[in-house]
Every structure is written in C-alpha cells, then in structure tokens.
Amino acid sequence: MITEKMRFIRKILELFFISLFLFLINLLFPDNPGYLEWNVNPYIITAIITSAYYGRNLGYLSLGFSILYIIIPINTDLSLAEYWKSLWNSGYLILPPVLIGIYIFGMIHNSFNSRIVNQHNFMKKVSLDKFRLQKEVNSLSAVNRELEERVLRQQDSVTALYTQVKALHTQNLSKTLNILISTVQKFSWAEKASIWQYEKEGKNLVMVANIGWDSDDVLNTIESVDSTINGWVFRNDRIFSVRMLLEYENLQVMDTERNILTFPIKLSSFTWGVLNIESMPFTKYNLYTEKLLAILIDLAGTAIERAAEYEAMIKYTEINHDTNLPSVSQFFTYLENELDKVKDTRSTFSIIIIEFTEFGKLAEKFGDKNVYNLLLRLLNKLNDLSDNVVDLFHYKDKNQIGIYYPGIDYDGASLFCLEGLSMINSTEWDINGSKVMMDVIMGYASIGSDEISIEDLLDIAENLLEMQKV
C-alpha cells in the first residue's frame, strides 16, 4: 500500500533525477553552463511545471536541485571563482522572475486543490445531512411501528412478521434456523419447538435447532422417517395437526405425544426437513396460527436454502481465520455456478468489489486482525443495507472484498454503492477506541441480457476500481 509519505519521497526523487538528467545533457554543451544562453531554459521550465502540478514548495525544491547542478563546473577553462562569477552575470536577472513564476503557478495549484477539498467537504456535509434526516425518518418509523403493533396486537403484526423474515437471510445456517424457531415461538407462543433435518446417510431426521427443550428431551435427537410423525410429514410433504389423530389410525400408532403442529420445510426442489411444535398454549392452537406459521415456513425456505448452500460451499474450502470468509478462488467457482443458473432462469445478478484503501496503513498501526474486525463491521452494515441477501468473499488483495448480489441489475448495483458510500461517510469508525478514516472505493458490474463471461464481468468491476484511483 503506497502511503502519502512514500508518494512525497517519490516526487522528490523524480525531481532529483530529472535535474540530474538535464545536467548530464548539459555536459554536451560545456560552453553553455546551466543553459543560460538559451531563450528556453529546461531547468526553469521543469521548476515551473513542477510548481503547477505539485505546488510551489516542490517547485522551489526543483529549482534548488537545478541550482546545485548548475554550480558544478562543466567548463574546465575557467577557475571555480571565475566560473561562478560568469554564471551569476548570466543568470542573476533571470532568478527573480523565475521565483515569482513558481509562486504564481503554485498559488494556482493550491487554489485548484482548495476547490477540490471544498467540494469533497460539501459532499461529506450533504451525506451527513442525509444521515441526520435518515435518523429522523427511522425514529418516526419506529414510532409508527409501535403504534401499529399496539393496534394489531404486536405478536400478530404483519410488520413484525416481515421484519423477522428479513432477519432470516444470513450466511450461517445455524443462525438462520435459530431465528426461524424464535420467530415461530413469537407468533405461536410455543413453549417447546424443534427443527429436524433429513440425513441421507442414515435416512433419519436429526434435530438441528430447538427451543424450550430440557435435559430429557436432548436424549431424543434422531428419529426414523418411517415410524414417527415427523417422518410422516417429511415423506408426505403435508402439515400435521394433532386433531388429525382422530381421523387417521396410522398416525395414532406413531404418536409419542410430542407433536401438536408439524410443518414440512421445503426448499426449491425438495423437502429439507420439518419443524415441530411440541407444546403451546391451548388458546393459540387454532387455524389462524396454523396458517400464519405455514406462511412463515414457506417464506423461510429460500433463506434456509441459501444458508445451506453457502455452508456446503465453504465446508471444504480454505477460509480466512480472521473473517471466516471464503477465498477468491471460491468466489470464482460460486460465480460460475450462479452464471449457469442465470442462463436457465433468465434472472440477473451483480458483483461488487470493495477496496479498503487505508488497510495497509491501519494494519501497520493496529495489526491485521483489528483492521479485519473493522472491515467486518463495515460488511455487516452493507449486508443490512442489502436486506441480508448478499454473499461475501475475499478478493485478490487482502484489502479487497467480493460481493455477490442476486436479483439486481447495473442500476441497482450503482444505487447500492451510492447508499453504501453515504453510510460509510456518515458513520464514525474506530479501532480500539481510536477514530479512523474509512476510505473505501467500489467497482461493480452486472449480468444483463447479453451473455458475458465471469472474467469479463470481473474485468469491468476492476476497471471501475482503477478509474477511481487515477
């Protein structure tokens, strides 16, 4: 990572070697030391151009390097004192206008830089104003939700259901299942509930999440799909309700008094497992609760499938121990798989590459782990901004993150990046209590109606990143 100090040193070295190059050329003209006999003096032109591009301080430094080389004798016919005297006679009238010219061009450079800084500060102020307004809107929204939940009896609120469904979208299957079962408890007042996943190897159902279980319950974490009500629901892809025991003798045989409501959990093309409510208040056992939970579980299927696919993908993949994110090679593989799906479904997706430009500088001061923790806080906010639908990967450099964003096109990716940058600028960032600058650039590209390879897609995003570095 190139720091400001390194850039400054590089500029000084550039000026030093440019002056040295001009001096070496001057050796070919020993009768014209310092090019003082020419109408256009390369030393003077270099100093003025430097002032215009880098500021007057470096312009004066360039002139200083030039003077150091000019006073080196290249005409051996004269003594040192005579040589310097002839230089003074030839150049003392030129020096004041040169100094003034460097100053003027340096002021122009400074004025231009000031306008850029002012514009940047203005944009930052706009972002902060937008953030303050957004906070007010969020506060009003919170008040509105509170009033709505009071009217609709909080637990049965459609708004609350929507919020919980959005929270289901994570890259962690265990977290998704725990959110699902907590949501089921919230809307059904269930005292005991569990989620079971089908295990192909043993052809059994295995308990993978529960709520309200005690020490006796955990002794029964594996069930047969052939001789239990959970298995019957899984095999037949049907909802079980305890009232069905009055109608079906085969269910009476399998009943262990642990099933009140049992729902199949379906993914896009197969049944994944079941959710079972084992204990709940009698007043909550009604058709309304049953339909509400059925809707919730149907909506949860997409989130469970996404989390399961992501965990299966990274299970045997090298991940970064500081971030628990998969590597760039897995990013390429994932995109290739998604591209095949897009071709079949004619859907779309976008990729976004995030580069944390201050990573190297902050890592030198705080260490890689602390900077990765800062980066994870940023990624969590971006994930929230996307309603938890993005997948995250490391990219080619340690300060780069690749994001897969399904279901949006180029315009949507552009809007997401703008909102993300606004969020970053309006958030105070710190490492161990020390405030730091979160300087981030983003490049993005989308799969549209035209066929494109993953390599070309990534090239578009990388080119957009490089353009922002110029």
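## A six-stranded sheet and its two helices

In this predicted model, β5 (residues 261–266) and β6 (residues 271–279) pair in the antiparallel sense, with 6 bridges between them. Within that pairing, Ile265 sits opposite Gly273 of β6.

Let's zoom out to the whole sheet. It's open, has 6 strands, and goes β3-β2-β1-β6-β5-β4 with antiparallel pairing. At the edges you'll find β3 (222–224) and β4 (240–241), each of which pairs on one side only. As a general reminder, strands of a sheet pair through backbone hydrogen bonds, either parallel or antiparallel.

Here's how three of the pairings look, each with one facing pair of residues:

| Strand pair | Bridges | Facing residues |
|---|---|---|
| β5 and β6, antiparallel | 6 bridges | Ile265 and Gly273 |
| β1 and β6, antiparallel | 6 bridges | Ala193 and Ile277 |
| β1 and β2, antiparallel | 7 bridges | Glu199 and Asn204 |

What do β1 and β2 form, and how many residues lie between them? They make a hairpin with 4 residues between the strands. If you're checking backbone torsions, look at Lys203 in that turn: its phi is positive, at about 55 degrees.

Now for the helices. Helix α7 (residues 173–188) lies across β1 (192–199), β2 (204–211) and β6, and runs at about 65 degrees to β2. Helix α8 (residues 229–236) also packs on the sheet, where it touches β1, β2, β3, β4, β5 and β6. The direction of α8 makes about 145 degrees with that of β6.

How values were computed: Residues are numbered from 1 along each chain as its sequence is written. This is a predicted model: local features need pLDDT of at least 70, side-chain atom pairs count only at pLDDT 80 or more; totals for chains, interfaces and linings use all residues. Side-chain values use heavy atoms; hydrogens and water are left out. Two strands pair if DSSP finds at least two bridges between them. Contact means heavy atoms within 4.5 Å. Axes are lines fitted to C-alpha atoms, for helices over the stretch in contact, and angles run from 0 to 180 degrees between N-to-C directions.
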